[in-house]
Amino acid sequence: MKWRLLVKRWKEGWEKPRYQEYVVEADADTSVLDALEKAWLGDNTLVFEHACHHGVCGACGMVINGVERLACITRLGDVAVGNTVVVEPLRGFPVISDLAVDKSRMFRASARVSPETLEPVEGEGGELPGRASLRPEKLLSCLECGICYSACPIARTMEDYMGPAALALASKTLSLTGDWSRVSDALGRGGVWSCHAALECSVRCPAGFDPGGLIMVLRGKALKRMLGGGR
Ligand code: SF4
Ligand code: FES
């Protein structure tokens, strides 16, 4: 059947964004990403990001019919209104071109908490006491897709808010290390106290990572510590 993709486009030098229609032939099981690739075959000026095509790399986060999703694991038939699918870039990040956004605020905020992300490794590192049980990793199951920033009403409007993924990283880092000095930025301006607990981040997170819940855990620990009941 025929699907109508309405893609929000903007490129450097354009005064304002505009919506462009692409009509693609596909079945209902086709992913939005595959449909965009079909559109791209007829217009290779259309810019969007992707890599793995199966919900692992986090590159293809977009707003699809008003909701943040990974385009590669979103089927046309599940989201279309009639035969129309509106595709827009993630919110809360500067647009680079069309659907590609600059997610560096998320990476910068994560680096303020922890230059490397930590994950305990059983039975490794006996020769490196002190760091023995830790190794640099991505934030456990976080895909760094940026969907939580786009879904969060605070991250969308407050530029210096560290944002859900970075604050979740702070929460995990404290749980793993017990080192409060590593999370001092997360307890300052733009940190956990700026969260309004909308929890849209956790609802939309495609990895089921629950950044909002982790922010609440860090906030609870910080409050307890301030009141003299925590380490
Ligand atoms: S916490 Fe979830 S929504 Fe946020 S960047 Fe990580 S995987 Fe994406
Ligand atoms: S292309 Fe990797 S998550 Fe979609």
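**Exercise 1.** State how many helices and strands the protein has, and what share of the residues is buried.

*Solution.* The protein in this predicted model has eight helices and nine strands. Of its 231 residues, 40% are buried. A residue is counted as buried when 20 or more other C-beta atoms lie within 10 Å of its own.

**Exercise 2.** Describe the largest nonpolar core and locate it relative to the domains.

*Solution.* Step one is the size: the core has 60 residues. Leu-167 and Leu-218 have the most contacts inside this core.

Step two is the origin of the residues. Elements giving two or more residues include strand 1 (2-9), helix 1 (32-42), helix 6 (164-177) and helix 8 (211-226). The largest share, seven residues, comes from helix 6.

Step three is the location. Domain 1 (2-100) and domain 2 (103-226) both contribute residues, so the core lies between them.

**Exercise 3.** List the residues that Leu-167 touches, leaving out those up to four places away in sequence.

*Solution.* Leu-167 touches Met-162, Ala-186, Gly-191, Val-192, Cys-195, Pro-211, Ile-215 and Leu-218. Leu-218 is, with Leu-167, one of the residues with the most contacts inside the core.

**Exercise 4.** Characterize the shell around ligand 1: its residues, their classes and the elements they come from.

*Solution.* Begin with the count: 15 residues surround ligand 1, and the closest are Cys-142, Cys-145, Cys-148, Ala-165 and Cys-205. Next, sort the shell by class, which gives twelve nonpolar, two polar and one charged. Finally, assign elements: helix 4 and helix 6 are those giving two or more residues. Helix 6 gives the most, with three residues.

Definitions and conventions:
Residues are numbered from 1 along each chain as its sequence is written. Chains are lettered from A and ligands numbered from 1 in the order in which they are written. This is a predicted model: local features need pLDDT of at least 70, side-chain atom pairs count only at pLDDT 80 or more; totals for chains, interfaces and linings use all residues. A nonpolar core is a set of buried Ala, Val, Leu, Ile, Met, Phe, Trp, Tyr and Cys residues joined through C-beta atoms within 7 Å. A residue is buried if 20 or more other C-beta atoms lie within 10 Å of its own, exposed if 12 or fewer, and partly exposed in between; C-beta atoms are placed from the backbone. Helices (H or I, at least four residues) and strands (E, at least two) are DSSP runs, numbered from the N terminus. Domain bounds come from an automatic or database domain assignment. Two residues are in contact if their C-beta atoms, placed from the backbone, lie within 7 Å. A residue is near a molecule or strand if its C-beta atom, placed from the backbone, lies within 6 Å of it. Ala, Val, Leu, Ile, Met, Phe, Trp, Tyr, Cys and Pro count as nonpolar, Asp, Glu, Lys and Arg as charged, and the others, Gly among them, as polar.
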